[in-house]
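Work through the exercises below with the sequence and the coordinates at hand. Each task is followed by a stepwise solution.

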Amino acid sequence: MTDQAIEPAVEPATSIADVERRIKAILIGSAGNLVEWYDFYAYTAFALYFAPAFFPSKDPVVEQLNAAVVFAATFLMRPLGGWLFGYLADQYGRRLSLTVSVLCMCFGSLIIAVTPTYATIGIAAPIILALARVIEGLSLGGEYGASATYLSEVADARHRGFYSSFQYVTLIGGQLTAIIVLLLLQKVFLTTEELKAWGWRIPFFIGACLAIFVAVMRRNLHETEAFVEAKKKAGSSSSMAALFRYPRELLLVVGLTAGGTAAFYTFTTYMQTFVKLSVGLTEDQTTMVIFGSLLFACVLQPLYGAISDRIGRKPLLIFFGIAGTLSTIPILTALKGTKEPLTAFLLICGAWIFTAGYTSINAVVKAELFPTNIRALGVGLPYAITVSLFGGTAPAIALYFKSIGHETWFYYYLSGVIFLSLLIYATMRDTKHASAMHRHE
């Protein structure tokens, strides 16, 4: 069906004004993505401080496990968000979908900022916290598909991998921003006692304000030419019935996402807990190690994206699959055995060298699988389902194995999931050379 969907190799020459317009659109779209993920990751960055307020326990591992379960529960809403915002993006425009999704994130962040603790309202506190995270999960479920689609469509074909890589630059940048806020509060403005008492609310207030600002910016985004062209075609529609005309592409999204998303959430959201509870670093050392490794990860994204524009997407995915399968267990084993912050930093960076083979290009690979009229839904829905199963659950699975005394089981689990995705990478087509980006059916 779409294996013969070869994109034209030559694009019309673009003017300086057109290049500036594309770059501006990518920057605004990326800024919104950063704010959404800042709000989302503020939860994990400050979990060490607010978990006792919502899940009081004598065992800090149990407190973090409960916080991780709520984190995983929010992913249950991501498929619904992928469907809802994917439909909005394909039917009414990428701009509308992106604007509404960031407003939902604002609402969820604000709820967390004002929710009373367990000591004040009892069991209602963690319930309200979970509700807020569900709203944020709904928002992010839609953000990924709409954002991946928008960034892929506004980029020119020769540099699509490079420009699309900025989705994960800003996604990781959102976590970096959350850590910067954490460092400022830790080192400059508040004591540890103040952070645990009430200071953890500050980043959620900041996130809500930033989300409002970005929503205003997104209102002025121009629609992509691909979407405009698709709307001109008679009978063009975005629906579940239309989506199921591409079963192979849907399964490809699931297969190529599973291992990558499990690795991504392991080396981002779970790493802060891992180096604190398993490696035994102090809170300050933990923050600096995670900050440094994420900064390194940000640098890798556009580099790998640009490489994919020259050699194709498939070689990078296969590199991630092979290196991830073989290196995950040794890296995590060595990481647990070290007590040195520098060694921990270098090991996590080593993991990012192969993980970036997936993160840098996964958005553009998925976008290149589907025609314009169904692209946002085709990317967003199966991705959200897969992330719910393999990404959001990674921290909870790791902490569960740790709580029963078999932490190393998670290392084998992660390596196995990456291997399953490697089988998909080895057999799928290279979407750079067989892209559906030009199809508006």
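**Exercise 1. Find the partner of Arg313 in a salt bridge and classify both residues by burial.**

Step 1. The side chains of Arg313 and Asp309 meet in a salt bridge, at 3.0 Å from N to O; the criterion is a side-chain nitrogen of Lys or Arg within 4 Å of a carboxyl oxygen of Asp or Glu.

Step 2. Arg313 has 2% relative accessibility and therefore counts as buried, where buried means under 20% relative accessible area, exposed over 50%, and partly exposed in between (1.4 Å probe, protein chains only). Asp309, at 11%, is also buried.

Step 3. Elsewhere, salt bridges that share partners join Asp90, Arg94, Glu153 and Arg375 into one network.

The model is predicted: local features need pLDDT of at least 70, side-chain atom pairs count only at pLDDT 80 or more, and totals for chains, interfaces and linings use all residues. Residues are numbered from 1 along each chain as its sequence is written, and side-chain values use heavy atoms, with hydrogens and water left out.

**Exercise 2. Describe the salt bridges of Glu153 with Arg94 and of Glu136 with Arg133.**

Step 1. The closest N and O atoms of Glu153 and Arg94 are 2.6 Å apart. This pair links distant parts of the chain, with Glu153 in helix H7 (residues 124-154) and Arg94 in helix H5 (residues 94-114), 59 residues apart. Helices are DSSP runs (H or I, at least four residues), numbered from the N terminus. Both Glu153 and Arg94 are buried.

Step 2. For Glu136 and Arg133 the closest N and O atoms are 2.7 Å apart. These two residues are 3 apart in helix H7, so about one helical turn separates them. Glu136 is buried at 0% relative accessibility, and Arg133 is buried at 0% as well.

Step 3. The salt bridge count comes to 11.

**Exercise 3. Which residues of H21 are buried, and what covers them?**

Step 1. Check the length of helix H21 (residues 408-427): at 1.5 Å a residue, its 20 residues should span 28 Å (1.5 Å times one less than the number of residues), and the end C-alpha atoms are 30 Å apart, which agrees.

Step 2. The buried residues are Phe410, Tyr411, Leu414, Ser415, Val417, Ile418, Ser421, Leu422 and Tyr425. They lie on the same side of H21, because their arc around the axis is only 160°, taken from the directions from the helix axis to the C-beta atoms.

Step 3. Tyr412, Leu420 and Thr427 are exposed on the other side of H21.

Step 4. The cover of the buried residues includes helices H14 (247-277), H16 (314-337), H17 (341-359), H19 (375-391) and H20 (394-403), with contact meaning heavy atoms within 4.5 Å.
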